[in-house]
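Subject: Structure handover

Hello,

I am passing on the structure we spoke about. Please find it below, followed by notes on what was found in it.

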Amino acid sequence: MSVVLHVDSSVRAISNAHTEHGSISKRLAKQFILRFKDEAGIDEYIYRDVGVNAPRFITQDWIGAVFTPESERTSQQQQLLRESDQLIAEVEKADFIVISSPMYNYGMPAQLKAWFDQIIRINKTFDFDLARGDKPLAPILSGKTLLIITSSGEFGFEKGGVNEESSHLVPHLRTLSKYLGVTEIYEIASEYQEFADHRHKKSLQMAESQAKELAFILAEKLRRKTC
Ligand SMILES: Cc1cc2nc3c(=O)[nH]c(=O)nc-3n(C[C@H](O)[C@H](O)[C@H](O)COP(=O)(O)O)c2cc1C
């Protein structure tokens, strides 16, 4: 039994009449998923476009509900946590997670952060124990593989790159992913969108061929893992 969870987060559609370009991160993710689905023989595919249908922001009452023992929650508190319960259930089910994200203001879109805020929840996806010393948080889930697909207008966000100090997208996704139960991470990045020159073309071509190649490699891995 293999389950794939695909989360897109650009506010743009793949093709649209309103802006100059369609979403690059969504298009790359779609190219990957189409090939991956063919190759991997997956049992269930779950799709969320949080860029268009954003999860709600957490609130003081939401936090109150989370910290109320399950057996004591009022029906109003249960209702407040319903979206979080649903999003967590999708992550729990998944063997393989694909997150596509644009870079907005050097980090992830607020909509994707809202998705993580709904999911990273005490006694559901992590537990807290001061006996662990300076690192009291530990993930509850494990064994999942994550593919991160990003698109940015600028470039050089890798280690040693010209914009390394502004790189708050992939490092943040990597930090949070452990609370999704991720133990293995792959990355595809398209850069230079704002320059619209040969470097962007080359970067996009490279990302597209990586998406193809990784679809085969990861499908084979998933088949071996789940059979
Ligand atoms: C609101 C907004 C903020 C952006 N901020 C950045 C940024 O901080 N750094 C960067 O390199 N590109 C930035 N960009 C450019 C996008 O990362 C680029 O257009 C990317 O292709 C968006 O992903 P998408 O094509 O999947 O929608 C920004 C674009 C928008 C619309």
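This is a predicted model. I start with the ligand and then turn to the sheet.

There are 17 residues around the ligand, and those that come nearest are Ser-10, Ser-25, Pro-102, Gly-153 and Glu-154. By class, this shell holds eight polar, five nonpolar and four charged residues. Helix 1, which covers residues 24-40, gives the most to the shell, with three residues.

Now the sheet. It is open and formed by five strands in the order 2-1-3-6-7, with parallel pairing. Strand 2 (44-49) and strand 7 (182-190) are the edge strands, and each of them pairs on one side only. On average, neighbouring strands of this sheet are turned by 15° against each other, direction ignored. As general background, strands of a sheet pair through backbone hydrogen bonds, in either a parallel or an antiparallel sense.

At the strand 2 edge, six bridges pair this strand with strand 1 (residues 3-8) in the parallel sense. One residue pair to look up there is Val-3 and its bridge partner in strand 2, Glu-44.

At the other edge, strand 6 (residues 144-151) and strand 7 run parallel and are joined by eight bridges. Ile-149 stands opposite Ile-188 of strand 7. Helix 6 (residues 170-177) belongs with these two strands: strand 6, helix 6 and strand 7 make a right-handed β-α-β unit.

Regards

Notes:
Residues are numbered from 1 along each chain as its sequence is written. This is a predicted model: local features need pLDDT of at least 70, side-chain atom pairs count only at pLDDT 80 or more; totals for chains, interfaces and linings use all residues. Two strands pair if DSSP finds at least two bridges between them. Helices (H or I, at least four residues) and strands (E, at least two) are DSSP runs, numbered from the N terminus. Axes are lines fitted to C-alpha atoms, for helices over the stretch in contact, and angles run from 0 to 180 degrees between N-to-C directions. A residue is near a molecule or strand if its C-beta atom, placed from the backbone, lies within 6 Å of it. Ala, Val, Leu, Ile, Met, Phe, Trp, Tyr, Cys and Pro count as nonpolar, Asp, Glu, Lys and Arg as charged, and the others, Gly among them, as polar. A crossover is right-handed if, with the strands pointing away from the viewer, the path from the first strand over the helix to the second runs clockwise.
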